[in-house]
Amino acid sequence: MRNDETGGLSVAVVTRRAALGALGLATVAGGANAAPLPSPSVADGPVSLLYPFESPTRSTRDLSGLWRFRLDPDDHGEQQRSFDGLTQARLIPVPCSWNDLFDDAANYFGPAWYETEVFVDPLPTGRRLQLRFGAADYHATVWLNGHRLGEHLGAHLPFAFDVTGVAEPGRPNRLVVRLENELRLDRVPAIPDPKTSHFYLEDYPQTTYDFFPYAGLHRPVVLQTLPAVHLHDLTVTTDFTGGTGVVSVDLEVSGGWSGPVRLTLEGGVAPVSVTASVQGGRGRAELRVANVRPWSPKDPFLYRLTVAVGGAQPLDLYTMKVGVRTIAVRGSQILLNGEPVFLKGFGKHEDFAIHGKGLDLPVLVRDFELLKWIGANSFRTSHYPYSEEAMQLADEYGFMVIAETPGVSLVFSDPQPVIDARYRALETALTALIRRDRNHPCVILWSLANEPIPKPFHTIDPVPPGAVEAGTRFFDALFAKARTLDASRPFSMDSVQNGPPEWVSHGDVIYTNSYNGWYVVSGRLADAEAVLEQELAALRARHGDKPVIFLEFGADAVAGMHAEPAEMWSEEYQADLIEMYWRVLRRHPYVVGAHPWAFADFKTPQSIMRVGALNQKGVFTRDRRPKLAATRLRTLWS
């Protein structure tokens with residue numbers, strides 16, 4: 001957070017030196033000003049997961065850099081007390097995946113250990129210290145100075161610990177993480193059951209999904225100081241009354257605190273401020289903005305919302321950016337600010353050579369520049385939540401985002417206890433995703449799953465009885481849960497080749513993946529076009545006037561391979577297939593979005609389908625060089 005204007009409030013400023021200390025981030029752990037505070041607690045309890053913006057009352061320290069690292073294939077580390085310090089360690093950058101760095105870790109997903117040291121200094125009374133992980137794939141257990149802080153299960157989403165009283169001032173504090181990304185049947189995403197599945201096409205490693213299962217500390221690890229009484233969470237929803245914007249804010253303050261909270265919205269003709277009353281840690285406020293500038297792809301205007309806990313003499317200040325916009329489904333249309341929109345863009349992946357899924361801000365900015373260059377206005381976070389920085393950047397660029405859970409290629413041929421375990425994991429991830437991203441104006445739609453299937457891909461086994469019914473029960477519950485978490489956005493799930501319709505029909509919008517001309521009717525574009533028309537008619541018959549978005553269609557193309565006439569794997573064939581889909585889809589007014597698959601080539605497990613262990617359906621290469629399809633789309637989308 002920048003130290004933005006605070007609407008004339010008198011701020012009890014904590015300087016960066018007082019908050020961080022001369023050598024690092026401080027904690028109340030000793031000294032004359034130290035106060036007794038509770039022991040550490042994990043993020044699903046009292047620890048705030050708001051993005052760690054800085055302010056006059058909050059300071060952060062990014063722990064990115066070179067950490068010590070050791071694989072633990074025998075899983076003896078905890079028994080050997082590796083949390084007290086690693087031996088025979090090598091260096092690894094954080095954030096980063098480990099798989100592309102070390103030859104012995106290329107296809108390793110078992111336990112590994114990370115270690116770093118940080119100095120802290122004492123803080124004044126009434127300050128707290130939190131340790132926040134942006135994401136760790138998949139199961140992390142964390143120690144500080146040999147004290148076990150806790151663990152977190154699940155990738156792509158943040159978790160945090162209160163380490164007040166555990167970090168010690170004036171000496172190195174040892175932070176150790178045990179992390180594993182074991183490919184298991186009961187996780188989300190999962191693997192096919194190796195005991196019951198019979199494959200006609202094998203991958204290495206074997207997964208149910210078509211991207212590489214990178215492992216590591218993939219997003220920043222941050223220490224943050226903040227007041228003991230602080231803004232714990234907030235939910236922003238927006239609407240319009242004529243030319244006036246309405247910004248509603250639900251507040252949660254730590255510790256059940258009661259008192260005044262001052263909210264100021266800046267960026268318009270003049271700042272708008274209101275004071276809300278918080279009782280028992282909860283409150284609500286409404287700000288009205290005359291002559292509002294609605295957020296949209298053409299004008300992604302962002303206001304600055306500052307929350308001052310404590311009113312005129314604030315105990316805590318938190319500032320974030322807010323876009324005022326509405327999203328709704330009406331008939332066969334998606335309406336942004338009351339106007340129909342058509343989504344042009346891609347599914348992407350957090351994937352790049354060497355660092356894998358590790359956050360890379362230069363690559364992220366380059367991707368968004370290429371999306372603008374090609375004429376896109378949207379993208380999907382296939383097939384998991386992307387970084388918080390990606391969502392912030394999408395707000396700034398004006399991209400509309402379909403935010404997707406990690407529920408990719410869910411299989412319903414497994415025993416019910418396995419399906420139940422996956423449901424619990426996915427519901428937890430869904431809840432965390434919506435909590436994290438609900439305040440972003442760029443997020444206009446949620447996707448609860450991608451290509452759920454009755455049985456694993458590439459198997460010769462029949463669909464077992466009851467698989468479709470098991471999936472129906474699963475999605476009945478998941479959609480019901482989702483709609484309790486966010487009433488302001490539509491929900492859907494992404495099917496493959498339209499089915500099963502019992503699952504797809506839950507969506508407010510119909511998402512579909514379609515591969516006519518590639519996996520189906522291979523190499524025959526004229527026949528593929530006829531089949532696509534039949535597919536569209538079937539979608540309309542099954543789902544009435546719901547709007548339809550084609551979230552995947554396309555063909556692999558090896559960069560530099562050409563053919564005349566066009567044939568599969570050539571750049572010409574890929575470009576012609578995508579253009580055929582575009583031409584057909586635009587003939588149908590109920591189709592409100594077209595996302596060719598994919599934005600860029602990405603790493604996959606090895607198989608005879610994947611030359612170079614890459615899915616080459618990207619219209620850009622993995623290092624972001626445009627193929628013929630990219631220039632073709634730029635013409636179509638201009």
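Is Trp569 buried, exposed or partly exposed? In this predicted model, Trp569 counts as partly exposed, because its relative accessibility is 26%, between the 20% and 50% cut-offs. Trp569 sits in the loop between E27 and H8, and its phi is positive, about 80°, although the residue is not a glycine. From there, let's walk through the barrel, the open sheet, a hairpin, a pocket and some backbone details.

**The closed barrel**

- Eight strands make a closed barrel in the order E21-E22-E23-E24-E25-E26-E27-E28, and their pairing is parallel.
- On average, neighbouring strands of this barrel are turned by 30° against each other, direction ignored.
- Strand E22 (residues 378–380) pairs with strand E23 (residues 400–404) in the parallel sense, over 3 bridges.
- Within that pair, Ser378 has Met400 of E23 as its bridge partner.

**Strand E26 and its neighbours**

- Strand E26 covers residues 510–513, and both of its faces are covered.
- On one side of E26, Ile510 and Thr512 are buried, and on the other side Tyr511 and Asn513 are buried too.
- Strand E25 (residues 491–496) runs parallel to E26 and is joined to it by 3 bridges.
- Across this pairing, Tyr511 in E26 has Asp494 opposite.
- E26 also pairs in the parallel sense with strand E27 (residues 548–552), here over 4 bridges.
- In this second pairing, Asn513 stands opposite Glu552 of E27.
- Between E26 and E27 the chain passes through helix H7 (residues 525–543), giving a right-handed β-α-β crossover.

**The open sheet**

- A separate topic is the open sheet of 6 strands, ordered E3-E2-E4-E9-E6-E7 with antiparallel pairing.
- Strands E3 (90–94) and E7 (147–153) are at the edges; each has a single partner strand, so one side of each has no neighbour in the sheet.
- Neighbouring strands in the open sheet are turned by 30° against each other on average, with direction ignored.
- Strand E6 (residues 139–144) runs antiparallel to E7, and 6 bridges join the two.
- Val142 is found opposite Gly150 in E7.
- Thr87 belongs to the loop between strand E2 (65–71) and E3, and this residue counts as exposed because its relative accessibility is 53%.
- The C-alpha atoms of Thr87 and Leu315 are 44 Å apart, with 228 residues separating the two along the chain.

**The hairpin of E16 and E17**

- Strand E16 (residues 303–309) pairs with E17 in the antiparallel sense over 7 bridges.
- Val307 stands opposite Tyr318 in E17.
- Strand E17 (residues 316–322) is mostly covered, with 6 of its 7 residues buried.
- This hairpin has 6 residues between its strands, and Gly310 takes a positive phi near 110°.

**The second largest pocket**

- The second largest pocket holds about 680 Å³ of space.
- Its lining consists of 38 residues, and those closest to the pocket centre are Asp210, Glu451, Phe457, His458 and Tyr519.
- By class, 19 of the lining residues are nonpolar, 12 are polar and 7 are charged.

**Backbone details and helix H8**

- As background, most peptide bonds are trans, and most residues other than glycine have a negative phi.
- A cis peptide bond runs from Glu564 to Pro565, with omega near 0°, and Pro565 lies in the loop between E27 and H8.
- Another cis peptide bond joins Trp597 and Ala598, where omega is about 10°.
- Ala598 is placed in the loop between strand E28 (591–594) and strand E29 (602–603).
- Val521 is not a glycine, yet its phi is positive, near 50°.
- The loop between E26 and H7 holds Val521, which counts as buried because its relative accessibility is 14%.
- Trp582 is part of helix H8 (residues 571–585), and this tryptophan is buried, with a relative accessible area of 11%.
- Trp582 and Pro596 are 14 residues apart in sequence, and their C-alpha atoms lie 8.9 Å apart in space.

Note on methods. Residues are numbered from 1 along each chain as its sequence is written. This is a predicted model: local features need pLDDT of at least 70, side-chain atom pairs count only at pLDDT 80 or more; totals for chains, interfaces and linings use all residues. Side-chain values use heavy atoms; hydrogens and water are left out. Buried means under 20% relative accessible area, exposed over 50%, partly exposed in between (1.4 Å probe, protein chains only). Two strands pair if DSSP finds at least two bridges between them. A crossover is right-handed if, with the strands pointing away from the viewer, the path from the first strand over the helix to the second runs clockwise. Axes are lines fitted to C-alpha atoms, for helices over the stretch in contact, and angles run from 0 to 180 degrees between N-to-C directions. On a 1 Å grid over the protein atoms alone, a cavity is a set of points where a 1.4 Å probe fits but cannot get out, and a pocket is an open set with protein on both sides within 12 Å along at least five of seven lines; lining residues have an atom within 4 Å of a point. Grid points are joined across faces, edges and corners, and a volume is the space filled by probe spheres set on the points. Ala, Val, Leu, Ile, Met, Phe, Trp, Tyr, Cys and Pro count as nonpolar, Asp, Glu, Lys and Arg as charged, and the others, Gly among them, as polar.
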